[in-house]
2 protein chains.
Amino acid sequence: MIETTKAYIAGFLDGDGSIFFQLVKKDDYRFGYQVRASLVFYQKSQNIKILNWLKNKLRTGYIRTRKDGMVEYSIVGHSEVFRVISLVKDRLILKKSQAKLALRIVERIGTGIDSAGKLSRISKEVDKFGKFNYSKKRVRNSVEVRKFLFSHKLLSP
Amino acid sequence: MIETTKAYIAGFLDGDGSIFFQLVKKDDYRFGYQVRASLVFYQKSQNIKILNWLKNKLRTGYIRTRKDGMVEYSIVGHSEVFRVISLVKDRLILKKSQAKLALRIVERIGTGIDSAGKLSRISKEVDKFGKFNYSKKRVRNSVEVRKFLFSHKLLSP
């Protein structure tokens, strides 16, 4: 990808995009939680063109129209979020620290969460990440994850 | 300005910026209205850094904190809006047509609005421009401007 395209995408991500991590409760997961990484852009439906352009450049993710009429372009998953952030990271200004922390979390997860201790440590990093986004919604955090791990005797307090 | 900076600013403008024209009632103006051009970026106050960065690159405009806690970086005036849009125009994707129309309006205004006919024509271009922005607020339009010009016998219906 040429540098001006990377710079444009970095500017658009700084202005309109969101990077986030979620601790998703999964009953069929060994340690009860999935750590989900997402990179999302939202636009009014009349602006879908720019989301198609981005998807074409980034070659990943999916676009859907929400019930409220907004259009959403989502890239979900550690490896794809890692690849896209790595592409534009050096050109980011507003979200540079957030992007670096996202890369660090994905790197630490590595080939997967294979111990309760690792899930506990990663969930604390996810808490730190959440501070960038100022969500008013109640979100699952490391306190909840650790309670779950203790109560299921997967981790000792 | 280097091309990657232009591309970043174009991306940020496409994601977060607004270009608009206003027909502002001015009792001391010969034809009753000022045509005001603006380019504005809004951010939460914790993100003021990116607005300072932009102002430093664009060398124009002013930053103010609004009562609702948002920070606003505004560039107001035909020549400054023209200069900034010209800088990034070729890198815009979402707002490219809007940017071209803005440049055309400013070019048509040229050295000023020196006739009622010119104000009437320009106010129709401003109407077209307003269609890009989908504002729910009632805005002054060419119908109002022309009514004013007719009622003051500055223009014949």
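The two copies, chain A and chain B, meet through the same surface, because 100% of the interface residues of chain B are also interface residues in chain A. Please keep in mind that this is a predicted model, in which local features need pLDDT of at least 70 and side-chain atom pairs count only at pLDDT 80 or more, while totals for chains, interfaces and linings use all residues. Residues are numbered from 1 along each chain as its sequence is written, and chains are lettered from A and ligands numbered from 1 in the order in which they are written.

Let me stay with that surface for a moment. In the contact between the copies, 17 residues of chain B are in contact with 17 residues of chain A, where contact says that the C-beta atoms of two residues, placed from the backbone, lie within 7 Å. On the side of chain B that touches chain A, the elements giving two or more residues are helix 1 (3–16) and helix 2 (48–58) of chain B, and helix 1 of chain B gives the most, with 11 residues. Helices here are DSSP runs of H or I with at least four residues, and strands are runs of E with at least two, numbered from the N terminus.

How is chain B placed relative to chain A? Chain B can be laid on chain A with an RMSD of 0.0 Å by a turn of 180° and a shift of 0.0 Å along the axis, which is the relation of a two-fold axis. The superposition is by least squares on the C-alpha atoms of residues with pLDDT of at least 70 in both copies.

Turning to the single chain, chain A comes to six helices and four strands, and from the N terminus on its elements run α-β-β-α-β-β-α-α-α-α. The C-alpha atoms of chain A fill a box of roughly 50 × 35 × 25 Å, taken along the principal axes. Of the contacts in chain A with a separation of 6 or more, 56% are accounted for by residues 24 or more positions apart.

As for the interior, B:Leu119 touches B:Phe31, B:Tyr33, B:Ile113, B:Val145 and B:Leu149, leaving aside residues up to four places away in sequence.

Finally, a word on confidence: chain A averages a pLDDT of 92, and 97% of the residues score at least 70, pLDDT being the predictor's confidence in each residue, from 0 to 100. The model as such scores ipTM 0.89 and pTM 0.91.
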